[in-house]
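Biologist: I'd like a close look at one part of this protein, explained the way you would to someone in their first year. Could you put the structure up so we can go through it together?

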Amino acid sequence: MVLVPGSGFHGVGPHHRYGLSLSGAVWRGWGYHPRLARYRAGKDGLADVAATVRAARRARPTAPLCIYGESSGGTWALVAAAHDPEVDCVVASAAPTDQETWARSDRHGAQRLARVVWPGFFGDAAHDDAYEPFDVWRSVRPQIPAFLIYATDDQAVPAQQGRLFATLGPETTLRVLARGRHGFVHGDVNAAQLVRARGAVSRFVATATR
């Protein structure tokens, strides 16, 4: 299981502290072998994540391979999975998937990320399709099951990003968590719903890697 933390696309360097809602300890508890993907800022980050996925395959050539990412790491997880036919599944939490619709959000945090941060790294709408999961999956049409988790109260990445991506086909499972008091990627969600979502993720990955 390759784990890709979020960073607002600023990168996760060798000394960068990170946190994951579904941590390495969680994945190990489910019986998987997590491998952390550290990556550079901007466009180079995608190449770094893809390289980590390939390294994971070389290290365990006969084992199933999945990717889990959060926020910007979820974006890279989805794009890297689409381009690697040896990936068995992908799980993403609060991942930006389409800059154009993201930028139309009425949430201030989302507007800044989509209108300022994203174009600063990837350019305008005419040049960024290779980095948007929605556009990549619509073009490549990978036959990979995906599980997406979002939060209704997320001010940075609205659940609309997951709902849009889920229109691409039946291989995508979407969970949207209500507001609550339990910490998630960008805020707090309903604890019981998060527990159920984690259980569903565990079953999803077990089925995808069977």
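Biologist: Leaving out residues up to four places away in sequence, which residues does isoleucine 67 touch? Take your time, and please tell me about the strand around it too.

Modeller: Happy to, and keep in mind as we go that this is a predicted model. Not counting residues up to four places away in sequence, isoleucine 67 touches Met1, Val2, Val4, Val53, Ala77, Ala80, Ala81, Val87, Cys89, Val90 and Val91. Now for the bigger group around it. Isoleucine 67 belongs to the largest nonpolar core, a set of 43 residues. Along with Trp76, Val90 and Trp137, Ile67 touches the most other members of that core. Helix 3 gives the most to this core, with seven residues. There is also another core lying apart from it, made of 22 residues, among them Leu3, Trp27, Val91 and Ile149. As a bit of background, nonpolar side chains in soluble globular proteins tend to be buried together.

Now the strand itself. Strand 3 covers residues 66-70, and five of its five residues are buried. In a regular strand, side chains alternate between the two faces of the sheet. Here, Cys66, Tyr68 and Glu70 sit on one side of strand 3, with Ile67 and Gly69 on the other. Both of those faces are covered, and the residues on them are all buried.

Let's zoom out to the sheet. It is an open one, built from six strands in the order 2-1-3-4-5-6, with parallel pairing. At the edges you find strand 2 (35-36) and strand 6 (172-177); each has a single partner strand, so one side of each has no neighbour in the sheet. Strand 3, on the other hand, has strand 1 and strand 4 beside it in that order. Strand 1 (residues 2-4) runs parallel to strand 3 and is joined to it by three bridges. One pairing to look for is leucine 3, whose bridge partner in strand 3 is tyrosine 68. Strand 3 also pairs with strand 4 in the parallel sense, this time over five bridges. On that side, cysteine 66 has cysteine 89 in strand 4 as its bridge partner. To get from strand 3 to strand 4, the chain crosses through helix 3, and this β-α-β crossover is right-handed.

That cysteine pair deserves another look. A disulfide is a covalent bond between the sulfur atoms of two cysteines. This structure holds one disulfide, and it joins cysteine 66 to cysteine 89, with S to S at 2.0 Å. The torsion about the S-S bond of cysteine 66 and cysteine 89 is about 115°, so the disulfide is right-handed. Because cysteine 66 lies in strand 3 and cysteine 89 in strand 4, the pair ties together parts that are 23 residues apart in sequence. As for their surroundings, cysteine 66 is buried, with a relative accessible area of 3%, and cysteine 89 counts as buried too, at 0%.

Next, follow the chain into helix 3, which spans residues 72-82 and includes serine 72. Serine 72 counts as buried, with 0% relative accessibility. The side chain of serine 72 reaches the backbone nitrogen of serine 7 at 2.8 Å. Skipping residues up to four places away in sequence, serine 72 touches Pro5, Gly6, Ser7, Gly8, Phe9, Tyr39 and Pro96.

To finish, let's walk outward along the sheet from strand 4. Strand 4 (residues 89-93) and strand 5 (residues 146-151) run parallel, joined by four bridges. Among the pairings here, alanine 92 has leucine 148 in strand 5 as its bridge partner. Strand 5 then pairs with strand 6 in the parallel sense over six bridges, and alanine 151 stands opposite leucine 177 in strand 6. Between strand 5 and strand 6 the chain crosses through helix 7 (residues 160-166), and this β-α-β crossover is right-handed. So when you go back to isoleucine 67, picture it on a strand where five of five residues are buried, with strand 1 and strand 4 as that strand's neighbours in the sheet order.

Terms used
Residues numbered from 1 in each chain as written. Predicted model: local features only at pLDDT ≥ 70, side-chain atom pairs only at ≥ 80, totals over all residues. Heavy atoms only, no water. Pairing = 2+ DSSP bridges. Helix = DSSP H or I, 4+ residues; strand = E, 2+ residues; numbered from the N terminus. Buried < 20%, exposed > 50% of the residue type's maximum accessible area, 1.4 Å probe, protein only. Polar contact = N/O pair within 3.5 Å; in protein donor to acceptor, adjacent residues only side chain to side chain. Contact = heavy atoms within 4.5 Å. Right-handed = clockwise from strand over helix to strand, strands pointing away. Disulfide = S-S within 2.5 Å. Core = buried A, V, L, I, M, F, W, Y, C linked by side-chain atoms within 4.5 Å.
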